[in-house]
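Welcome, and thanks for taking a look at this one with us. Please have the sequence and the 3D view open side by side as you read.

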Amino acid sequence: MSHSLPKDARFETRAVHAGQGPDPNNGAVMTPVYLTSTYAQEAPAVPRQGYEYSRTTNPTRTALEENLASLEGGAWGLCFASGLASTNALMDRLVPGDHVVCGNDLYGGTYRIFTKVFERYDIGFSFVNTTEPGAIAAAMTPATKYVYIETPSNPLLSLTDIAKAAEAAHAGGALLVVDNTFATPYLQRPLELGADIVLHSLSKYLGGHSDLIGGALIGRDDAVREELAFYQNAVGGCLSPMDAFLVLRGTKTLGVRMDRHCQNAQAVANALSEHDLVDRVIYPGLPDHPQLMIAQAQMAQPGGMVSFELKGGVGAANALASATRVFTLAESLGGVESLVEVPPSMTHASIPPEVRRAAGLADGLVRLSVGVEHQDDLVADLHQALDVARQAAG
Ligand SMILES: *Cc1c(COP(=O)(O)O)cnc(C)c1O
C-alpha cells in the first residue's frame with residue numbers, strides 16, 4: 001500500500017507518506033484502522049497478503065512500522081504496546097549471565113524493569129555515567145550484550161556521544177541501543193551515527209497528543225529483526241491498530257511540532273535562566289550546558305524538554321508545580337500541551353533517594369515538557385508560579 005516515494009524524499013515528506021498510500025481497494029487516503037483479529041486465507045495455511053493473525057501482523061501497524069523505519073533511517077521497525085514493552089522485547093533476547101551497560105539517569109521505568117524484573121533472571125546491569133568518555137568501555141565485560149543509553153537523558157538532559165558509544169559497544173561485541181524518545185528522529189538519528197537499535201516511547205513526541213501508549217524498536221540488521229519479531233509475537237506485547245493509527249497521525253506533523261517545541265523551550269529556558277529563584281537551568285540550547293558540543297554535533301535542535309533546580313528544594317518545587325495554570329501538573333511529555341512535574345516526587349520516585357542524588361538529581365528539580373502554545377503565555381505562567389514558589393520557600 002506504500003506510495004512509491006522518490007528515493008531522496010526528505011524527512012517531512014516521508015513523515016507524511018512513508019508506509020502509507022491510498023488503499024488499493026477503495027482509494028482511502030488515510031490508512032484504515034484494521035480492527036480485525038484474523039484474516040481469511042486462500043487455502044489452509046495460505047494467507048492472502050501475508051496477514052494471518054493480528055498479534056503477529058496487522059496492516060495499520062505495518063504502515064506505522066514502515067513509517068518509523070523511514071524516519072529513523074532504519075531497515076525495519078517493530079511496534080509494541082508501550083515503550084517498556086519494547087524494552088522488554090529487547091531483554092527477551094538475553095539469557096541468564098548476560099550483561100548490559102546502561103546510563104545512570106535513565107527513565108525511571110527503564111531502571112525499574114532492569115532492576116526489579118530482569119535482575120531476577122540473572123541478567124547483570126552496570127549503571128554508569130555514559131556522558132564521561134571511557135565510562136562505557138570500562139564497564140564492558142565479555143558478557144555485555146547491549147550498551148543502552150538515553151540521550152538527552154531523563155530528567156537531567158545530559159548527552160552521550162552516540163558515535164563514541166557505538167565504537168565502545170562494538171569493540172566489546174555488544175549492540176548499541178539508543179532510547180531516542182526525547183529527541184525524536186527529527187532532531188537526532190542514532191542509526192546514522194552507528195547505533196544498532198533505536199527505542200521509542202510512542203506515547204511521547206511521536207504520538208504527540210498525549211492520547212495513547214505505545215513503543216517501537218527500529219534497526220538495521222535483519223537477523224536481529226527476526227529475533228525481536230519472534231518475541232513480539234511470542235510474548236504478545238504488540239501495539240493495537242487504533243493506537244498505530246493515532247501514532248501515524250502524529251508522525252505526519254512531527255517536524256512542524258518539533259520546530260515549535262524547540263522555539264518555545266528555548267524561550268522558557270532563557271526566561272528561567274534570568275530568574276533569581278532558579279539555581280540552574282538544564283537545556284541543551286543554553287551556552288552552559290555541560291555537553292553543548294555534543295548537542296551541536298548530533299542534534300539538529302536542542303529539543304522541547306527543560307529541567308531546572310529551584311532554590312528552596314522540594315517545597316518550592318512542589319509549590320511551583322501546583323501553581324501553574326497553562327502548564328498542567330502531570331507525568332509524561334511530548335504532547336502539544338505543556339506539562340510540569342517534580343521528578344523526585346513523581347516519575348523518578350521508584351529510584352531510591354540516595355541513588356537519585358548520586359546521579360545528580362536534586363530534590364528541587366522541576367521538569368517541563370514545553371508544548372506548542374504561545375511562548376509568551378508559557379513564560380508568563382512560569383513567572384506567576386515562581387512568585388508563589390518564592391512565598392513557599394519563605
Ligand atoms: C516514557 C518513556 C519510556 C517508557 O515508555 P512507555 O510508553 O511509558 O512505556 C521510556 N523511555 C523514555 C525516555 C520515556 O520518556
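## A pairing to start from

Let's begin with one pair of residues: E309 in β11 has L365 of β14 as its bridge partner. The model you are viewing is a predicted one, so please read everything below in that light.

The pair belongs to a longer run of contacts, since β11 and β14 (residues 365-369) are antiparallel and joined by five bridges. On the β10 side, strand β10 (residues 278-282) also runs antiparallel to β11, with four bridges between them. There, V278 is paired with L310 of β11.

## The sheet around it

How are the strands ordered in this open sheet? The five strands follow the order β10-β11-β14-β13-β12, with mixed pairing. The edges are taken by β10 and β12 (328-329), each of which has a single partner strand, so one side of each lacks a neighbour in the sheet.

Further along, strand β13 (residues 339-341) is antiparallel to β14 and held to it by three bridges. Here L339 sits opposite S369 of β14. Just before that strand, S338 belongs to the loop between β12 and β13. With a relative accessibility of 0%, S338 counts as buried. S338 also has a distant sequence partner to look for: L378 is 40 residues away along the chain, yet the C-alpha to C-alpha distance is 8.1 Å.

## An enclosed strand

Is β11 buried or exposed? Strand β11 (residues 305-310) has six of its six residues buried, so the rest of the structure largely encloses it. In a regular strand, side chains alternate between the two faces of the sheet. Both faces of β11 are covered, with M305, S307 and E309 buried on one side and V306, F308 and L310 buried on the other.

## A cavity between two domains

M305 also takes us to a small search result: it is one of the residues lining the largest cavity, together with P152, L157, F182, P284, P302, G303 and G304. Across the whole structure, one cavity of 30 Å³ or more turns up, and the largest cavity holds about 30 Å³ of space.

What kinds of residues make up the lining of this cavity? Six are nonpolar, two are polar and none is charged. Domain 1 (11-252) and domain 2 (254-393) each contribute at least three residues to the lining.

## Unusual backbone in the lining loop

Two of the lining residues, P152 and L157, repay a closer look at the backbone. P152 is in the loop between β6 (144-150) and α6 (162-171), and the peptide bond joining T151 to P152 is cis, with omega about -5°. P155 lies in the loop between β6 and α6 as well, and the bond from N154 to P155 is also cis, with omega near 5°.

L157 is likewise placed in the loop between β6 and α6. Its phi is positive, near 50°, although L157 is a residue other than glycine. L157 is buried, with a relative accessible area of 2%.

## Two more loop residues

D122, in the loop between α4 (108-118) and β5, has a positive phi of about 65° despite not being a glycine.

Finally, T130 is found in the loop between β5 (124-128) and α5 (135-139). A relative accessibility of 9% puts T130 in the buried class, and the T130 side chain makes a polar contact of 2.8 Å with the side chain of T160.

Key:
Residues are numbered from 1 along each chain as its sequence is written. This is a predicted model: local features need pLDDT of at least 70, side-chain atom pairs count only at pLDDT 80 or more; totals for chains, interfaces and linings use all residues. Side-chain values use heavy atoms; hydrogens and water are left out. On a 1 Å grid over the protein atoms alone, a cavity is a set of points where a 1.4 Å probe fits but cannot get out, and a pocket is an open set with protein on both sides within 12 Å along at least five of seven lines; lining residues have an atom within 4 Å of a point. Grid points are joined across faces, edges and corners, and a volume is the space filled by probe spheres set on the points. Ala, Val, Leu, Ile, Met, Phe, Trp, Tyr, Cys and Pro count as nonpolar, Asp, Glu, Lys and Arg as charged, and the others, Gly among them, as polar. Domain bounds come from an automatic or database domain assignment. Buried means under 20% relative accessible area, exposed over 50%, partly exposed in between (1.4 Å probe, protein chains only). Helices (H or I, at least four residues) and strands (E, at least two) are DSSP runs, numbered from the N terminus. Two strands pair if DSSP finds at least two bridges between them. A polar contact is a pair of N or O atoms within 3.5 Å; within protein, one must be able to donate a hydrogen and the other to accept it, and residues adjacent in sequence count only if both atoms are side-chain atoms.
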